[in-house]
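Trainee: I am new to this structure and would like a close look at one part of it, the place where protein and DNA meet. Could you take me through that part slowly, and then through the helices that belong to the picture?

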Protein chains: 2
Amino acid sequence: MEMDDRKMKILQAIIDDYILTGVPVGSRTISKKYDMGLSSATIRNEMSDLEELGYLDQPHVSAGRIPSAKAYRLYVDSLMKTGRIRDDSLETVSRHFTGRVHQMEDVIDHAASVISALTRYTAVVLPPKGKQPRMQTVQLVPVSRDAALVVIVTDTGIVRDSTIRLPGDMDSDTLYAISRALTEELRGHTLAEACEILPGMIQRMRENQELLQGLYGFLNERKESPSRPHVAIGGTSNMLSYPEYSDVEKARTFLSLMETRDKLASIIAGDGEMAFTVRIGPETGVPEMVDCSIVTATYSTRSGQQGTIGVIGPTRMQYSRVMSILNIMGHQLTDLFSGGDDSNE
Amino acid sequence: MEMDDRKMKILQAIIDDYILTGVPVGSRTISKKYDMGLSSATIRNEMSDLEELGYLDQPHVSAGRIPSAKAYRLYVDSLMKTGRIRDDSLETVSRHFTGRVHQMEDVIDHAASVISALTRYTAVVLPPKGKQPRMQTVQLVPVSRDAALVVIVTDTGIVRDSTIRLPGDMDSDTLYAISRALTEELRGHTLAEACEILPGMIQRMRENQELLQGLYGFLNERKESPSRPHVAIGGTSNMLSYPEYSDVEKARTFLSLMETRDKLASIIAGDGEMAFTVRIGPETGVPEMVDCSIVTATYSTRSGQQGTIGVIGPTRMQYSRVMSILNIMGHQLTDLFSGGDDSNE
DNA sequence: GTTAGCACTCAAGCGAATCGAGTGCTAACC
DNA sequence: GGTTAGCACTCGATTCGCTTGAGTGCTAAC
């Protein structure tokens, strides 16, 4: 037995209905709501076939059918109607977006909350991420008598800052001179490389040995964890409005997963270089998420760094709507980060 | 009728028990578990009195009593045993804390997750906040041919950064010179004041008019919202483990309140200058939180800025434990931010 | 003032009965 | 052969009544 056109249409109707209502859908519903000129009995036969093919599951014998992960996969891959991409609310909100851009973090926070508001699911936004950020400028900014702020500008545009202690009195001109030397020496190198270059400089620049030593420690400590990326999350509470999460225990595990941002980031980030990903249920590879789906899209910055935006929802997700929203938001962010610069005019 | 010593003792026992178990407590429980040499009948009479005095509520006639907000207030104010302040787990974790301090945001994020892990409630940490941050250093760091990063160090230690566009080619020495001039001129002033000073400078420094104009816009845009503070939250999912939140709808409103960080910040921040605050149920002034309590403490930085740490839990909260944890964590943060500087050695 | 005793209340838990949505199967129909 | 009407059957969900037991309030005796 194999899929024919009619089975496809029926499957699609079932999925559409289930996505809409969230309750198992029966044969009568299909034959009445979606008029395909077939009686419920015929639908029933077809549904039985579809179940045998692995596209439908039956929670218990006297309930309707629900789509399996395999069905959603098929749905997303081929039979989803890609819907009206334009959405009024989206347009307005996305306009509201432009022009209030401050720092990177604000942007991705905002993006997450906009996406979650539009989709009514949980949204996650990861900042742009390159392979290895390369240093562009190093500058020591005096903060107090005995402390300076280290500002490192990398090509990702990300700034790491933290204070280090100054050995003795150093005026701002001295600091500037050191900054210049450092910039000259380190520009274009990664943090890890910088840690290899510095010892040489320490040898040469005797008078500032102590300061440089401090800087060395500073870099060394950060070279591994590229300043743990700020993960923006929005709409976690949305999930609780779906019957899938009326079980509090389930909700709790979901929420605590959302709280461990590192883990979440690695889940969302994905491995491939795909611009658009849809992972359904078990495909997520996360045991806690067997009945969730994750849709991700990417955006990029002027310097070619890639960021990820993702939506997490129940497998019964409005895939087409989510995908179109992610699509538009991806473009939006790409424009924002590469069109102008990320600042005010 | 008024409170006597015995009533106090009984009330305390009731509250202790209710905090522990979460179920209405009956007269027999008190007379047996907490031996006060009285029969359940006597306890019953006293409980009836306590109810009349407004310290106890009765969910329904044949259930035990639960403490009212007034009872918790009394409990916190006078009859709480301030418990063993030292906690083994706390010691270990707080040690684990020291020595991994990076940026401010990391610190408060970390603090929130530590507090929530220890208390099993929801923790909120607000960054140090002064009345009006005063500028200490202004520095323009070249990022690319036509853009520079504006780094402003204020006495709060908070850095605001964002890129602005550069008019023409400007080498880093020029930028440094301008930075020096700006620092000299603006040091000690608030952002708002800076916006009044700048026009004068623009007049004088003709050649860099365009750049300064950009900077002016930059400051103007930020002077109102002091870079919306980063609010750290931890353990929102903890709340779902309490029977108080087995109702999903309740949980949802709570969580969505936690998501609107601005609102949350203003709730936590409180108005007074109290070092320690306990707000119980309706005292929070937030309708969504009638059956929550909020305990806050403060910490301070070297420059005297005050930050807030808070715990949100059910009214049936382990007040003494929470307070001692907040107390210790407050000292911890104060040490961290004022003892050394917030960096590595 | 304290306590034992007792009648009373009421949520929670349990099981039987009912309901109804939905299926699978068979036989008739086109 | 595919489609449909009809019917018996299944099983979760709902309802109803019953029982249980924790807990109270009151009264009378100590």
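Mentor: Let us begin with a convention for sorting residues: Ala, Val, Leu, Ile, Met, Phe, Trp, Tyr, Cys and Pro count as nonpolar, Asp, Glu, Lys and Arg count as charged, and the others, Gly among them, count as polar. With that in hand, the surface near DNA strand C divides into six nonpolar, eleven polar and four charged residues. Please keep in mind throughout that this is a predicted model, and that a residue is called near a strand if one of its heavy atoms lies within 4 Å of it.

We can stay with DNA strand C for a while. There are 21 residues around this strand, and those that come nearest are A:Ser27, B:Arg6, B:Thr42, B:Val61 and B:Ser62. Of the atoms of DNA strand C that come within 4 Å of the protein, sugar and phosphate account for 76%. On the phosphate side, a polar side-chain atom of B:Arg6 lies 2.6 Å from a phosphate oxygen of DNA strand C. Bases of this strand are approached as well, for a polar side-chain atom of A:Arg44 lies 3.1 Å from a base oxygen of DNA strand C, and a polar side-chain atom of B:Arg44 lies 3.2 Å from a base oxygen of DNA strand C. As for the helices behind this surface, α3 of chain A and α3 of chain B each supply at least two of its residues, and the largest share, four residues, comes from α3(B).

Now turn to DNA strand D. Here 21 residues surround the strand, with A:Arg6, A:Thr42, A:Val61, A:Ser62 and B:Ser27 as the closest. When the atoms of DNA strand D within 4 Å of the protein are considered, 75% belong to sugar or phosphate and the rest to bases. A polar side-chain atom of A:Thr42 is placed 2.6 Å from a phosphate oxygen of DNA strand D, and an N or O atom in the side chain of B:Ser27 is likewise 2.6 Å from a phosphate oxygen of DNA strand D. A:Ser62, by contrast, has a polar side-chain atom 3.2 Å from a base oxygen of DNA strand D. The surface near DNA strand D has six nonpolar, eleven polar and four charged residues. At least two of its residues are supplied by α3 (40-52) of chain A, and at least two by α3 (40-52) of chain B, while the largest share, four residues, is that of α3(A).

Since α3(B) has now come up with both strands, it is worth looking at one of its neighbours within the protein. The axes of helix α1 (residues 5-21) of chain B and α3(B) come within 10 Å and cross at roughly 90 degrees; because angles of 65 to 115 degrees count as roughly perpendicular, α1(B) is roughly perpendicular to α3(B). In this contact, B:Arg6, B:Lys7, B:Ile10, B:Leu11 and B:Ile14 of α1(B) meet B:Thr42, B:Ile43, B:Glu46, B:Met47, B:Asp49 and B:Leu50 of α3(B). By class, the contact of α1(B) with α3(B) holds six nonpolar residues, one polar residue and four charged residues. Two of the names here, B:Arg6 and B:Thr42, are also among the residues that come nearest to DNA strand C.

A second pair of helices can be followed in chain A. Helix α7 (residues 172-186) and helix α8 (residues 191-204) of chain A pack at an angle of about 135 degrees, with their axes 11 Å apart, and this angle makes α7(A) oblique to α8(A). The crossing of α7(A) and α8(A) is right-handed. From α7(A), the contact draws on A:Ala181, A:Leu182, A:Glu185 and A:Leu186, and from α8(A) on A:Ala194, A:Ile197, A:Leu198, A:Met201 and A:Arg204. Sorted by class, the contact of α7(A) with α8(A) comprises seven nonpolar, no polar and two charged residues.

Technical notes:
Residues numbered from 1 in each chain as written. Chains lettered and ligands numbered in written order. Predicted model: local features only at pLDDT ≥ 70, side-chain atom pairs only at ≥ 80, totals over all residues. Heavy atoms only, no water. Polar contact = N/O pair within 3.5 Å; in protein donor to acceptor, adjacent residues only side chain to side chain. Axes fitted to C-alpha atoms, helices over the stretch in contact; angles between N-to-C directions. Parallel < 35°, antiparallel > 145°, perpendicular 65-115°, else oblique. Left-handed = near helix turned anticlockwise from the far one by under 90°. Contact = heavy atoms within 4.5 Å.
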